[in-house]
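Trainee: Could you walk me through reading a model like this one, feature by feature? I'd like to begin with the cysteines.

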Amino acid sequence: MEALIYAGHGSRTESGNSQFISFVKEMMMTIDVPLQGYGFLEGARPSILEAISMLVSQGATSITIMPILLLTGAHANQDIPGEIFKAQKIYPRILFYYGKPFGCDEMIIEILHDRLSVHDYKNKKFKSVLLVSHGSYDKNALSQFEEIAQKLRYNQPFDVLTCYLNMSTPTFSDELENVLKQTYEEVYVIPYLLFSGGFTVEIENITESFQKQFPGKKIFTCEPIGFDVKLKKLFTKRIQEVQPLIQN
């Protein structure tokens with residue numbers, strides 16, 4: 001019997017995990033797979049291995065694990081596959097399949113434009129957009145983030161810059177200050193995050209602080225990527241791309 005697991009990183013906040021579970025439950029009603037569950041890498045239960053064990057006990061003979069991650073980094077390439085490899089040793093007769101994170105896709109670019117469209121971002125003023133990611137030590141994730149910025153920038157009346165909250169440079173604070181010291185009249189900040197929570201509050205606090213320091217500039221904080229309707233369509237697309245995960 002086929003089974004599907006939605007694999008998340010796990011949030012530091014209860015609200016972040018609740019947003020993830022809400023997304024999963026909505027997707028479960030639209031995805032035609034007999035057995036479905038979810039698991040987390042850290043910070044919440046059940047773990048991915050616990051979710052696999054639960055579905056095996058319910059009769060699963062093949063399990064597809066879908067990473068609910070924005071970028072293809074260490075969590076997608078190493079951490080989640082590591083959990084699946086553990087499960088393969090425990091359940092050698094189960095077939096395991098693995099999907100891709102949301103990554104760089106035109107639907108992601110559409111979501112970013114939707115976040116900007118709430119504001120009058122097509123006015124004639126000289127403006128920039130700051131994409132703010134959590135950050136990563138993984139070069140694949142960073143290069144993918146830059147690719148997304150380039151696609152968003154293409155043929156648009158604004159510049160697009162990338163920055164990070166942790167682990168990577170430039171930091172959001174440094175890049176926001178750098179942009180505000182230039183001739184941009186307006187700055188649009190887009191939290192490149194799935195959840196609204198601690199990180200979005202941090203972004204808002206930093207933005208408010210700099211707005212006071214630069215009263216002549218306008219800083220607009222957009223909604224995060226979140227679990228957008230278009231993201232649900234992209235998830236369905238990613239399911240169609242799954243491949244067997246074979247341990248070396």
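Trainee: How far is the sulfur of Cys104 from the closest cysteine sulfur?

Mentor: A disulfide is a covalent bond between the sulfur atoms of two cysteines. Keep in mind that this is a predicted model. Here the closest cysteine sulfur to that of Cys104 belongs to Cys163, and at 18 Å it's too far for a bond. Cys163 isn't in a disulfide either: its nearest cysteine sulfur, in Cys222, sits 13 Å away. Search the whole structure and you get zero disulfides.

Trainee: On to the sheets, then. What is the strand order in the open sheet of four strands?

Mentor: Read across the sheet, not along the chain. The order is 6-5-7-8, and the pairing is parallel. Strand 6 (159-164) and strand 8 (218-221) are at the edges with a single partner strand each, so each has one side without a neighbour in the sheet. From one strand to the next, the twist averages 20°.

Trainee: How many bridges join strand 5 to strand 7?

Mentor: Six, between residues 127-133 of strand 5 and 186-191 of strand 7, and the two run parallel. To find your place in the register, look at Val129, which stands opposite Tyr188 in strand 7. Helix 7 packs on this sheet and touches strand 5, strand 7 and strand 8, its direction making about 170° with that of strand 8.

Trainee: Which way do helix 6 and helix 7 run relative to each other?

Mentor: Check the angle between the axes. For helix 6 (residues 172-180) and helix 7 (residues 198-213) the crossing is at roughly 30°, with the axes coming within 11 Å. Angles under 35 degrees count as roughly parallel, and therefore that's what we call this pair. The crossing is right-handed. Helix 6 brings Phe172, Ser173, Leu176, Glu177 and Leu180 to the contact, while helix 7 brings Ile203, Ile206, Thr207 and Phe210. By type, that contact has six nonpolar residues, two polar and one charged.

Trainee: And the open sheet of five strands: which strands are at its edges?

Mentor: Same approach. The order there is 2-1-3-4-9, with mixed pairing. Strand 2 (35-40) and strand 9 (243-244) are the edge strands, each pairing on one side only. Strand 9 pairs with strand 4 (residues 95-98) in the antiparallel sense over two bridges, and Tyr98 has Gln243 of strand 9 as its bridge partner.

Trainee: Which strands does helix 1 lie across?

Mentor: Helix 1 (residues 14-28) lies across strand 1 (2-8) and strand 2, and runs at about 165° to strand 2.

Terms used: Residues are numbered from 1 along each chain as its sequence is written. This is a predicted model: local features need pLDDT of at least 70, side-chain atom pairs count only at pLDDT 80 or more; totals for chains, interfaces and linings use all residues. Side-chain values use heavy atoms; hydrogens and water are left out. Axes are lines fitted to C-alpha atoms, for helices over the stretch in contact, and angles run from 0 to 180 degrees between N-to-C directions. Angles under 35 degrees count as roughly parallel, over 145 as roughly antiparallel, 65 to 115 as roughly perpendicular and the rest as oblique. A crossing is left-handed if the near helix is turned anticlockwise from the far one by less than a right angle, and right-handed if clockwise. Contact means heavy atoms within 4.5 Å. Ala, Val, Leu, Ile, Met, Phe, Trp, Tyr, Cys and Pro count as nonpolar, Asp, Glu, Lys and Arg as charged, and the others, Gly among them, as polar. Two strands pair if DSSP finds at least two bridges between them. A disulfide is a pair of cysteine sulfur atoms within 2.5 Å.
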